[in-house]
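Here is a quick walk through a fold you may not have seen before. Have a look at the picture first, then read on.

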Amino acid sequence: MGMGRVRKMFRKVVRKMEKMRLSPIEVFVFHAVSDKYDEQLNMRVDWSSTKDFKQRIINYQQRYTFISLEQAYWMMCHDLFRSKKYAVLTCDDGFESVLQIIPFLEERKVPVTLFVNPCYLDGISKRKEYSLNPQYITHKDLFSIHSENVTIGMHGYEHNDATRLSSDQFEESVNKCINMLSNHPRYISFYAYTWGNYSEQTQQILKQKKVVPVFTDGASNYRFHYGIGRKPIDSYYLKKEK
Ligand SMILES: [Zn+2]
């Protein structure tokens, strides 16, 4: 084989490998979405207007192919080569207002994972951060979701910082989540840490229970590690970036 041909083949292989590079998987998290901001029911850090949110998803779809959280983690576990830019959409806290955008996401074929606190599914329980009680998705509404576009994950029994609970308390909280959510047809064994806080102990407990931890660490996901990183996309964070 002549040198010219070898060089040509080499270039061809390099080009092919470039195409097969391991592109990052971005996992986004949002919280409340409603038409109008209400300071008694929302916090600046966890809110987007419906209009902004929809536009943001449309823009992302020009850059990314949206896949489900499970698919993304499977890809990471197998370290598959990825040429496409993938993204995953997740939503924490389970505010009732989020139900109104599920049909929009379904229409645009954007899978979404809802991380909920089972304690608030009664529609009465209150979180201390809000002066009024924001309406949460109720047990009845949650169990009426059968769409293949939606999956349900855990966000603690109550919205407590996992690192401020004892190991026993944290384990009990996870057990309660599993008990109340695992019979949902769209349940997945993923746990999004509240406030993004975790410790070695909480990680160990999740690992024992074969639950995948989900962080809010601003990281992109490349190769396999235990857990999956996320970036917040509520209006507050995106405005800060500008
Ligand atoms: Zn939360």
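## A tour of the fold

Right after helix α3, Asp79 has a positive phi of about 45 degrees. Before going further, note that this is a predicted model, in which local features need pLDDT of at least 70, side-chain atom pairs count only at pLDDT 80 or more, and totals for chains, interfaces and linings use all residues. Residue numbers start from 1 along each chain as its sequence is written.

Now the overview. The protein chain has 8 helices and 10 strands; helices (H or I, at least four residues) and strands (E, at least two) are DSSP runs, numbered from the N terminus. Its C-alpha trace spans about 80 × 40 × 35 Å along the principal axes. Of the 242 residues in the protein chain, 33% are buried. Buried means that 20 or more other C-beta atoms lie within 10 Å of a residue's own, exposed means 12 or fewer, and partly exposed is in between, with C-beta atoms placed from the backbone.

Back to α3, residues 69–77, where Leu69, Ala72 and Tyr73 are buried. They line one face of the helix, because seen down the axis of α3 they fall within an arc of 95 degrees; that arc is taken from the directions from the helix axis to the C-beta atoms. These buried residues pack against β1, β5 (86–92), β6, β7, β8 and β9.

Helix α7 can be read in a similar way, so here are both helices side by side.

| Helix | Residues | Buried residues | Positive phi just after |
|---|---|---|---|
| α3 | 69–77 | Leu69, Ala72, Tyr73 | Asp79, about 45 degrees |
| α7 | 200–208 | Thr202, Ile205, Leu206 | Lys210, near 55 degrees |

What faces away from the buried side of α7? That face carries the exposed residues Glu200, Gln204 and Gln208. The cover over the buried residues of α7 includes α6 (167–181), β8 (187–192) and β9 (212–214).

Next, the strands. In β7 (residues 150–154), 4 of the 5 residues are buried, so this strand is largely enclosed by the rest of the structure. β7 pairs with β6 (residues 112–116) in the parallel sense over 5 bridges; strands pair if DSSP finds at least two bridges between them. Within that pairing, Phe115 has Gly153 of β7 as its bridge partner. β7 and β8 also run parallel, joined by 2 bridges, and Met154 stands opposite Tyr191 in β8.

Tyr191 turns up again in the largest nonpolar core, which has 51 residues; Phe28, Phe30, Ala72, Val88, Cys91 and Tyr191 have the most contacts inside it. Such a core is a set of buried Ala, Val, Leu, Ile, Met, Phe, Trp, Tyr and Cys residues joined through C-beta atoms within 7 Å. Strand β1 (residues 25–30) gives the most to this core, with 5 residues. Leaving aside neighbours within four places in sequence, Phe28 is in contact (C-beta atoms, placed from the backbone, within 7 Å) with residues including Ala87, Val88 and Ile233.

Finally, look at Leu22, in the loop between α1 (3–19) and β1. Is Leu22 buried or partly exposed? Leu22 counts as partly exposed, because there are 14 C-beta neighbours inside 10 Å. Beyond its neighbours within four places in sequence, Leu22 is in contact with Phe81, Arg82 and Tyr222.

Note on methods:
Contact = placed C-beta atoms within 7 Å.
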